[in-house]
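User: I'm new to reading protein models and would like some help. Could you walk me through this one, feature by feature?

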Amino acid sequence: MALLEIRGLKVNYGPIQAVKGIDIDVPEGQIVALLGANGAGKTSTLRAISGITKRSGGTISLGGEVLEGRASRSVKAGISMSPEGRLVFNGLTVEENLKAGAYIVKSAARTKENMEKVYELFPILGERCKQQASTLSGGEQQMLAIGRALMNDPKVLLLDEPSLGLAPLVIQDIFNTLKKIRSEGTAILIVEQNALATLKIADYGYVLELGTINIHGPANELIKDERLIEAYLGGKK
Ligand code: ATP
């Protein structure tokens, strides 16, 4: 049984069926990629898993516990999301942003420990800990958004397009850190349009097309899949 199991997930917005009954497994210790074009339903999937958007059907379980769909419950169970567009608190410092992220951790000592872990993963955030978030670079803000999601000790980290608008070297840096996060025991479900870079670090991948998953498999096989190469990996090789 996978750590995070999604079965028959549906998300409707009125008459619009954005996600049409999909299955996703995120095993312990793995990075799983959810790829697809604009409007395929990737963000809706992540928001439904984290309980921010109400799902219209399906089940979600984490470590065998069935989650009924409230966001606060999902965070307590161990699901933490870093949303698209970074969305850090601009008026707060790096340190204050991280503290604000730790809203289910009651112990100050534990919060401090988690903050130290974030600074180990992203040393630049440690150097900038007293700096206001609005003055950080795009890459640093993305690091802060991921760091903030890690402050609740998640079992699964949900990431919505962490590479959006960032330079290739910064993306590489962040993706290397995702590998480190995986090796330290947090599983990751990552939504990305940057399919090639993502499949290089992922263990498994799903491709969402108009709310349906037609292609999925181990990342090292998907990277060679003709259908993906044409649609997402920059044409025929
Ligand atoms: P992108 O990469 O552009 O963010 P996505 O794959 O994340 O796309 P979603 O944002 O999940 O896709 O959107 C899936 C579909 O649902 C789209 O057709 C979108 O217009 C629609 N949709 C998303 N949110 C809402 C909403 N709140 N109300 C109505 N329709 C919505």
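**Around the ligand**

Analyst: Happy to. Keep in mind that this is a predicted model. Let's begin with the ligand: by class, its shell has 5 nonpolar, 6 polar and 3 charged residues.

User: How many residues surround the ligand, and which are the closest?

Analyst: There are 14 residues around the ligand, and the closest are Asn38, Gly39, Lys42, Thr43 and Ser44.

User: Which helix and which strand each supply at least two residues of that shell?

Analyst: Those are strand E2, residues 16-26, and helix H1, residues 42-49. H1 gives the most, with 3 residues.

User: What should I look for when I want polar contacts to the ligand?

Analyst: Look for pairs of N or O atoms within 3.5 Å. Here, an oxygen atom of the ligand is 2.8 Å from an N or O atom in the side chain of Asn38. With Gly41, the partner is a polar backbone atom, 2.9 Å from a ligand oxygen. The side chain of Glu161 also has an N or O atom 3.3 Å from an oxygen of the ligand. As for cover, the ligand taken alone exposes 640 Å², and the protein buries 60% of that.

User: Glu161 caught my eye. Where does Glu161 sit in the chain?

Analyst: Glu161 is in the loop between strand E7 (156-160) and H7. Its phi is positive, about 50 degrees, although Glu161 is not a glycine.

User: Is Glu161 buried or exposed?

Analyst: Glu161 counts as buried because its relative accessible area is 6%, and buried means under 20%.

**Reading helices**

User: How do I read a helix like H1?

Analyst: Start with the general idea: an α-helix has 3.6 residues a turn, so residues three or four places apart point the same way. Then check the cover. H1 is mostly covered, with 6 of its 8 residues buried. The buried ones are Lys42, Ser44, Thr45, Leu46, Ala48 and Ile49.

User: What happens just after H1?

Analyst: Gly51, just after H1, takes a positive phi of about 85 degrees.

User: Could you show me a residue in another helix?

Analyst: Try Thr177, in helix H7, residues 168-183. Thr177 is buried, with a relative accessible area of 4%. A polar atom of the Thr177 side chain lies 3.0 Å from the backbone oxygen of Asp173. Another case is Leu98, in helix H3, residues 94-101. Leu98 has a relative accessible area of 0%, so it counts as buried.

**Sequence distance and space**

User: How do I compare distance along the chain with distance in space?

Analyst: Put the two numbers side by side for each pair. Asp25 and Glu5 are 20 residues apart in sequence, and their C-alpha atoms are 4.8 Å apart in space. For Leu98 and Asn152, 54 residues apart along the chain, the C-alpha atoms are separated by 9.8 Å. Ser80 and Ile49 are 31 residues apart along the chain, with a C-alpha separation of 9.8 Å. Then there's Leu9 and Ile104: 95 residues apart along the chain, with 26 Å between their C-alpha atoms.

User: Where are Asp25, Ser80 and Leu9 placed?

Analyst: Asp25 is found in strand E2, Ser80 is in strand E6, residues 79-82, and Leu9 lies in strand E1, residues 4-13.

User: And how accessible is each of them?

Analyst: Asp25 is partly exposed, at 26% relative accessible area. Ser80 is buried at 6%, and Leu9 is buried at 0%.

User: What would an exposed residue look like?

Analyst: Take Leu210, in the loop between strand E9 (204-209) and strand E10 (212-218). Leu210 counts as exposed because its relative accessibility is 66%, and exposed means over 50%. Leu210 also has a positive phi, about 45 degrees, although it is not a glycine.

**Rings**

User: How are aromatic pairs described, and how many does a search of the whole structure find?

Analyst: A pair of aromatic rings is described by the distance of the centres and the angle of the planes. In this model, the search finds 1 aromatic pair.

User: What sits over the ring of Phe89?

Analyst: That's the charged end of Arg148, 4.8 Å from the centre of the Phe89 ring.

Key
Residues are numbered from 1 along each chain as its sequence is written. This is a predicted model: local features need pLDDT of at least 70, side-chain atom pairs count only at pLDDT 80 or more; totals for chains, interfaces and linings use all residues. Side-chain values use heavy atoms; hydrogens and water are left out. Rings of Phe, Tyr and Trp (its six-membered ring) pair if their centres lie within 6.5 Å; planes under 30 degrees apart count as stacked, over 60 as edge-to-face and the rest as tilted. A charge sits over a ring if NZ of Lys or CZ of Arg is within 6 Å of the ring centre and within 35 degrees of the ring normal. A residue is near a molecule or strand if one of its heavy atoms lies within 4 Å of it. A polar contact is a pair of N or O atoms within 3.5 Å; within protein, one must be able to donate a hydrogen and the other to accept it, and residues adjacent in sequence count only if both atoms are side-chain atoms. Accessible areas come from the Shrake-Rupley method with a 1.4 Å probe; for residues, only the protein chains shown count as cover. Helices (H or I, at least four residues) and strands (E, at least two) are DSSP runs, numbered from the N terminus. Ala, Val, Leu, Ile, Met, Phe, Trp, Tyr, Cys and Pro count as nonpolar, Asp, Glu, Lys and Arg as charged, and the others, Gly among them, as polar. Buried means under 20% relative accessible area, exposed over 50%, partly exposed in between (1.4 Å probe, protein chains only).
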